[in-house]
Amino acid sequence: MQAASPDRVMGSSVAGRERNPAPPMPKLLVTLFAAACALSVANVYYAQPLLDALARDFGLSLAAIGIVITATQIGCALALLLVVPLGDLLDRRRLTLVQLMLLCTALLAVAVAPSAFLLLIGMLAVGLLGTAMTQGLIAYAANSAAPTERGRVVGAAQGGVVIGLLLARSLAGWIADLAGWRAVYLVSAAISLLMLLALRRWLPQSSAPVVRLPYAALLGSMFTLLASERVLQIRGVLAMLMFAAFSAFWSALVLPLSAPPYSFSHTAIGAFGLVGVIGALAAARAGEWADRGHGQSTTGAALLLLLASWLAIGFMGHSLWLLILGVILLDLGGQALHVTNQSMIFASQPAAHSRLVGCYMLFYAVGSGVGAILSTTVYAAAGWNGVCILGASISLLALLFWKLTLRHMPKTACHPAAPLYSSDGAGA
């Protein structure tokens with residue numbers, strides 16, 4: 001017989017505290033988590049519409065300026081592997097506040113960077129801290145919520161992530177047009193400081209960490225989770241396929257829309273991303289359905305929407321309204337699946353929420369990267385129709401994988417985590 005892991009044993013003791021269920025998380029606190037997630041993730045994407053201005057300021061060629069995005073993404077990867085897991089080892093509240101203070105410092109460093117080298121160092125720090133904050137807050141929200149509402153709370157936090165991601169590019173362009181690119185990071189630093197005060201006032205206290213591992217062992221346990229947690233494996237593969245389809249669409253969309261007969265500007269093309277807010281907000285309810293035990297039904301519906309979206313997207317040449325419909329369906333299906341995935345994964349091991357979200361987002365990174373490479377390659381060979389066939393094929397593969405793995409998923413959550421907030425929402 002296989003011995004129970006320390007996390008599982010600790011999780012059982014945590015579950016024992018569920019005999020006296022807490023009241024629902026206050027709406028103000030849910031909103032605070034969502035707003036903090038939106039602010040954190042936006043910092044990772046501000047640079048994308050500013051690359052031409054950065055190239056001019058630092059004397060870099062347009063071909064070389066992409067290294068700014070590379071530095072940010074390296075920071076993101078380091079955060080997932082080295083920083084996000086700390087939420088299972090340290091006091092989450094203190095860790096979050098320290099990370100936000102450091103993020104304010106990194107934003108100021110980018111705003112006043114005198115050289116390209118220092119700019120890249122600042123961007124790496126912004127990517128690291130912005131990602132660590134975002135994913136850490138999602139794990140924090142899941143850990144603070146009662147088991148019966150965890151999906152709803154995670155859905156709200158994830159909705160904040162999507163909104164922050166989609167609005168970051170538009171906000172950065174608008175501020176840069178008014179006051180230059182450095183003002184973007186100065187304004188973000190000021191907003192981050194205000195958010196720091198709000199989080200310090202209302203963020204709930206976290207319980208004493210139940211994990212007692214050296215840091216190196218903590219990081220090593222992530223590989224153990226990847227190798228042993230069936231829920232993480234199955235839902236992670238679904239996420240990888242979904243994000244591959246998602247990335248295939250957004251990576252290739254600029255190519256047909258910027259060419260005749262459309263010849264749209266980058267601002268107009270970016271506006272299609274704002275349409276996705278509709279689907280993202282609607283998808284937040286997927287967490288509530290998962291809370292009620294309908295996670296698998298929600299998954300099936302989300303994957304069917306994902307597949308159907310490509311039919312509408314494929315007729316873009318006949319009507320841009322069909323493209324808009326396809327974007328809404330794509331975001332609705334993708335985000336509903338994303339929220340449901342996280343709700344199920346967080347239920348598997350309450351003592352490992354931060355490591356679980358770090359592992360899960362590694363699947364996201366792989367899917368996004370592969371989808372982007374495949375889509376541009378396929379577009380060069382077979383045009384937009386080829387991209388649509390690629391996206392539909394990936395979506396169909398995800399649907400078939402889900403159907404084949406249904407019997408391997410546990411019927412119930414393993415050990416729901418105890419809520420950490422008090423009845424007034426100000427922390428235990």
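In this predicted model, ring pairs link Tyr-46, Phe-58, Trp-181 and Tyr-185 into a cluster. That cluster is a handy place to start looking at the aromatic side chains. A search through the whole structure turns up 8 aromatic pairs. As a reminder, a pair of aromatic rings is described by two things, the distance of the centres and the angle of the planes.

Take Phe-58 and Trp-181, two members of the cluster. Their ring centres sit 5.9 Å apart and their planes meet at 55 degrees, so this pair goes down as tilted; the edge-to-face label is kept for planes over 60 degrees apart. Phe-58 belongs to helix H3 (residues 51–58) and Trp-181 to helix H8 (residues 181–202), so the pair ties together parts that are 123 residues apart in sequence. Are these two residues buried or exposed? Phe-58 comes out at 15% relative accessibility and counts as buried, because the cut-off for that word is under 20%. Trp-181, at 6%, counts as buried too.

A second pair shows another arrangement. Phe-243 and Tyr-364 form an edge-to-face pair, with 4.5 Å from centre to centre and 80 degrees between the planes. Here the partners come from helix H10 (residues 230–257), which holds Phe-243, and helix H15 (residues 353–405), which holds Tyr-364, so parts that are 121 residues apart in sequence are tied together. Phe-243 counts as buried, with a relative accessibility of 6%, whereas Tyr-364 is partly exposed at 24%.

What about the cysteines? The search of the whole structure finds 0 disulfides. Two cysteines can still be described by their surroundings: Cys-37 is buried at 0% relative accessibility, and Cys-104 is buried as well, with a relative accessible area of 9%.

Next comes the empty space. Rolling a probe the size of a water molecule over the atoms shows where such space is left. The largest pocket contains about 2000 Å³ of it. Which residues lie nearest the centre of this pocket? Out of 50 lining residues, they are Tyr-45, Gln-48, Leu-165, Arg-169 and Trp-250. Quite a list of helices supplies at least two residues each to this lining: helix H2 (27–45), helix H4 (67–83), H6, helix H7 (150–179), H10, helix H11 (266–283), helix H14 (320–346) and H15. H7 provides the largest share, 10 residues. H10 and H15, both on that list, are also the helices that hold Phe-243 and Tyr-364. Sorted by character, the pocket lining splits into 29 nonpolar, 18 polar and 3 charged residues.

There are also closed spaces, with 2 cavities of 30 Å³ or more in the structure. The second largest cavity has a volume of about 70 Å³. Its lining is made up of Val-83, Val-84, Gly-87, Arg-92, Leu-95, Thr-96, Gln-99, Ala-132, Gly-136 and Ser-354. Two elements, helix H5 (92–111) and helix H6 (116–144), give two or more residues to the lining of this cavity. H5 gives the most, with 4 residues. Divided by character, the lining of the second largest cavity has 4 nonpolar, 5 polar and 1 charged residue. H6 turns up in both places, as a contributor to the lining of the largest pocket and to that of the second largest cavity.

Note on methods. Residues numbered from 1 in each chain as written. Heavy atoms only, no water. 1 Å grid on protein atoms, 1.4 Å probe; cavity = no way out; pocket = protein on both sides within 12 Å on 5 of 7 lines; lining within 4 Å. Points joined across faces, edges and corners; volume = space filled by probe spheres on them. Nonpolar A, V, L, I, M, F, W, Y, C, P; charged D, E, K, R; others polar. Phe/Tyr/Trp six-rings, centres within 6.5 Å; stacked < 30°, edge-to-face > 60°. Buried < 20%, exposed > 50% of the residue type's maximum accessible area, 1.4 Å probe, protein only. Disulfide = S-S within 2.5 Å.
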